[in-house]
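The following report examines the architecture and internal packing of a single protein chain. Please consult the sequence and the coordinates alongside the text.

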Amino acid sequence: MKIVITFGTFDIFHVGHINILERAAALGDYLIVGVSSDKLNFNKKKRHPIYNQVDRIKIIESLRFVDQVFIEESLELKLEYIKKYNADILVMGDDWVGKFDWVRSACDVIYLPRTPSISTTEIIEIVKSNTGI
């Protein structure tokens, strides 16, 4: 069985998230998703997610092509997560190209193209500008 692992915040869930998770799932037999904790998200993006980690996990768990979900506490623990879950492939969006090549000794690393013209950050900015927040 080929195990695929991927990571993300998955805040304000949108079609780009579905696309990358579906493509990741198609690369193997079992898809494991690490959802960034609220604390990690704040450290990474300097803002709190719109949806808390419990809600974001529930959203990801509801997808039929996702087999397992866990909380990602630290970017530096990627290799430990890969080993813990015996992952054969790490999938990340192409905005991370090269940043996780250092785990190639443990698994294959595949960077998938993001869905054009959609991102959580863009959606938040559009909502802010349309509501005057």
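In which loop is D95 found? D95 belongs to the loop that runs between β4 (89-93) and β5 (108-112).

## Overall organisation

The model is predicted. Its secondary structure amounts to 5 helices and 5 strands, and from the N terminus on the elements follow the order β-α-β-α-α-β-α-β-β-α. Of the 133 residues in the protein, 44% are buried. Among contacts between residues at least 6 apart in sequence, 62% join residues at least 24 apart.

## Strand pairing around β2

Strand β2 (30-36) pairs with two strands described here. With β1 (residues 3-8), β2 pairs in the parallel sense over 6 bridges, and T6 has V33 of β2 as its bridge partner. With β3 (residues 68-72), β2 is joined by 5 bridges, again running parallel; within β3, E72 is the residue that stands opposite S36.

The connection from β1 to β2 passes through helix α1 (residues 15-26), and these three elements make a right-handed β-α-β unit. Strand β2 is largely enclosed by the rest of the structure, because 6 of its 7 residues are buried. As a general feature, side chains in a regular strand alternate between the two faces of the sheet.

## The loop after β2

S37 occupies the loop between β2 and α2 (38-45). Is S37 buried or exposed? With a relative accessibility of 3%, S37 counts as buried, since the cut-off for burial is under 20%. Beyond its neighbours within four places in sequence, S37 is in contact with Q53, R56, I71, E72 and E73. One of these partners, E72, is also the residue opposite S36 in β3, while another, R56, is among the buried residues of helix α3.

## Helix α3 and its buried face

Helix α3 (residues 53-61) has R56, I57 and I60 as its buried residues. Viewed down the axis of α3, these residues fall within an arc of 100°, so they line one face of the helix. In general, an α-helix has 3.6 residues a turn, so residues three or four places apart point the same way. The buried residues of α3 pack against α1, β2, α2 and β3, whereas the face turned away from the buried side carries the exposed residues V54 and K58.

F13, located in the loop between β1 and α1, also makes contacts with this part of the chain. Its relative accessibility of 25% classes F13 as partly exposed. Apart from residues up to four places away in sequence, F13 touches I18, L21, I59, I60 and L63; I60 is one of the buried residues of α3. The C-alpha atoms of F13 and R56 are separated by 8.2 Å, although the two residues are 43 residues apart along the chain.

## Aromatic pairs

How many aromatic pairs does a search of the whole structure find? The search finds 5. In the pair formed by F70 and Y81, the ring centres are 5.0 Å apart and the planes are at 45°, so the pair is tilted. Because F70 lies in strand β3 and Y81 in helix α4 (residues 78-84), this pair ties together parts that are 11 residues apart in sequence. Both rings belong to buried residues: F70 has a relative accessible area of 8%, and Y81 has a relative accessibility of 10%.

A tilted pair is also formed by W96 and F100, at 5.4 Å centre to centre and with 45° between the planes. In this pair W96 counts as partly exposed at 24% relative accessibility, while F100 counts as buried at 4%.

Ring pairs further link F7, F70, Y81 and Y85 into a cluster. The face of F7 has K78 lying over it, at 4.1 Å from the ring centre.

## The loop between β4 and β5

D95, in the loop between β4 and β5, counts as partly exposed at 40% relative accessibility. Which separations relate D95 and L112? The two are 17 residues apart in sequence and 8.8 Å apart in space, C-alpha to C-alpha.

Definitions and conventions
Residues are numbered from 1 along each chain as its sequence is written. This is a predicted model: local features need pLDDT of at least 70, side-chain atom pairs count only at pLDDT 80 or more; totals for chains, interfaces and linings use all residues. Side-chain values use heavy atoms; hydrogens and water are left out. Helices (H or I, at least four residues) and strands (E, at least two) are DSSP runs, numbered from the N terminus. Buried means under 20% relative accessible area, exposed over 50%, partly exposed in between (1.4 Å probe, protein chains only). Contact means heavy atoms within 4.5 Å. Two strands pair if DSSP finds at least two bridges between them. A crossover is right-handed if, with the strands pointing away from the viewer, the path from the first strand over the helix to the second runs clockwise. Rings of Phe, Tyr and Trp (its six-membered ring) pair if their centres lie within 6.5 Å; planes under 30 degrees apart count as stacked, over 60 as edge-to-face and the rest as tilted. A charge sits over a ring if NZ of Lys or CZ of Arg is within 6 Å of the ring centre and within 35 degrees of the ring normal. The arc is that of the directions from the helix axis to the C-beta atoms.
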